[in-house]
Amino acid sequence: MFLHRETRRKETEMTKTATLQLEALASPTCMQKIEAAIKSVDGVDQNNVEVLFNASKAKAGFDADVTDADEIADAVHAIGYDALKVKSC
């Protein structure tokens, strides 16, 4: 399936990536909980979420028309972990 050039451009403009610095990652179980919390946010691309245990970071692609990096960080905070927004582009 081919998308019209304008449609592809609009999709690219709406897609952003949030990078969060995570605190208190003690085990891979923490990583799984954080990944699930991020994926639960409306607008997050389910196939574009990565939690990096050794780096204590999370990256998530999201639709900027639906959510933002602060909302993604709030989802992590809601399950008891600290998340600082490092970058959103």
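Student: Which residues of H3 are buried?
Tutor: This is a predicted model, and H3 is one of its helices (DSSP runs of H or I, at least four residues; strands are runs of E, at least two; both are numbered from the N terminus). Buried means under 20% relative accessible area, exposed means over 50%, and partly exposed lies in between (1.4 Å probe, protein chains only). In H3, the buried residues are Ala69, Ile72, Ala73, Ala75 and Val76.

Student: How wide an arc do they cover around the axis of H3?
Tutor: The arc is taken from the directions that run from the helix axis to the C-beta atoms. An α-helix has 3.6 residues a turn, so residues three or four places apart point the same way. The buried residues sit on the same side of H3 because their arc is only 150 degrees.

Student: What do the buried residues of H3 pack against?
Tutor: Packing rests on contacts, meaning heavy atoms within 4.5 Å. The partners of H3's buried residues are S1, H2, S2, S3 and strand S4 (82-88).

Student: What rules lie behind these values?
Tutor: Residues are numbered from 1 along each chain as its sequence is written, and side-chain values use heavy atoms, leaving out hydrogens and water. Local features need pLDDT of at least 70 and side-chain atom pairs count only at pLDDT 80 or more, while totals for chains, interfaces and linings use all residues.

Student: Which element has the lowest mean pLDDT?
Tutor: pLDDT is the predictor's confidence in each residue, from 0 to 100. The chain's mean is 87, and 85% of its residues reach 70 or more. S3 has the highest mean among the elements, 97. The lowest, 51, belongs to helix H1 (residues 5-14).

Student: Over which residues is the pLDDT below 50?
Tutor: Where pLDDT is low, the predicted coordinates should not be read in detail. The stretch in question has 2 contacts in the model beyond near neighbours in sequence. It covers residues 1-10.

Student: What pattern does the protein chain follow along the sequence?
Tutor: The chain has 3 helices and 4 strands. Read along the sequence, they give α-β-α-β-β-α-β.

Student: Which element gives the most to the largest nonpolar core?
Tutor: A nonpolar core is a set of buried Ala, Val, Leu, Ile, Met, Phe, Trp, Tyr and Cys residues joined through side-chain atoms within 4.5 Å. The largest one here has 21 residues, and Leu20, Ile34 and Ile72 are among those with the most contacts inside it. Two or more residues come from each of strand S1 (15-23), helix H2 (28-39), strand S2 (44-52), strand S3 (57-63) and helix H3 (69-78). With 5 residues, the top contributor is H3.

Student: What does Ile72 touch?
Tutor: Ile72 is a buried residue of H3. Setting aside residues up to four places away in sequence, Ile72 touches Ala18, Leu20, Ile38, Val41, Val44, Ala60 and Phe62.

Student: How far does H2 reach from its first C-alpha to its last?
Tutor: H2 has 12 residues. The expected span of a helix is 1.5 Å times one less than its number of residues, which comes to 16 Å for H2. The model is close to that, at 17 Å.

Student: Which residues of H2 are buried?
Tutor: They pack against S1, S2, S3 and H3. The buried residues of H2 are Cys30, Ile34, Ala37 and Ile38.

Student: Is Thr67 buried or exposed?
Tutor: Thr67 lies in the loop between S3 and H3. Its contacts, leaving aside neighbours within four places in sequence, include Val41, Val44 and Phe62. Its relative accessibility is 4%, so Thr67 counts as buried.

Student: Which side chain does the side chain of Thr67 join in a polar contact?
Tutor: A polar contact is a pair of N or O atoms within 3.5 Å; within protein, one must be able to donate a hydrogen and the other to accept it, and residues adjacent in sequence count only if both atoms are side-chain atoms. For Thr67 the distance is 3.4 Å, and the partner is Glu71.

Student: Which backbone nitrogen does the side chain of Asp45 reach?
Tutor: Asp45 is in strand S2. Asp45 is also in contact with Gly61 and Phe62, leaving aside neighbours within four places in sequence. At 3.0 Å, its side chain reaches the backbone nitrogen of Asn47.
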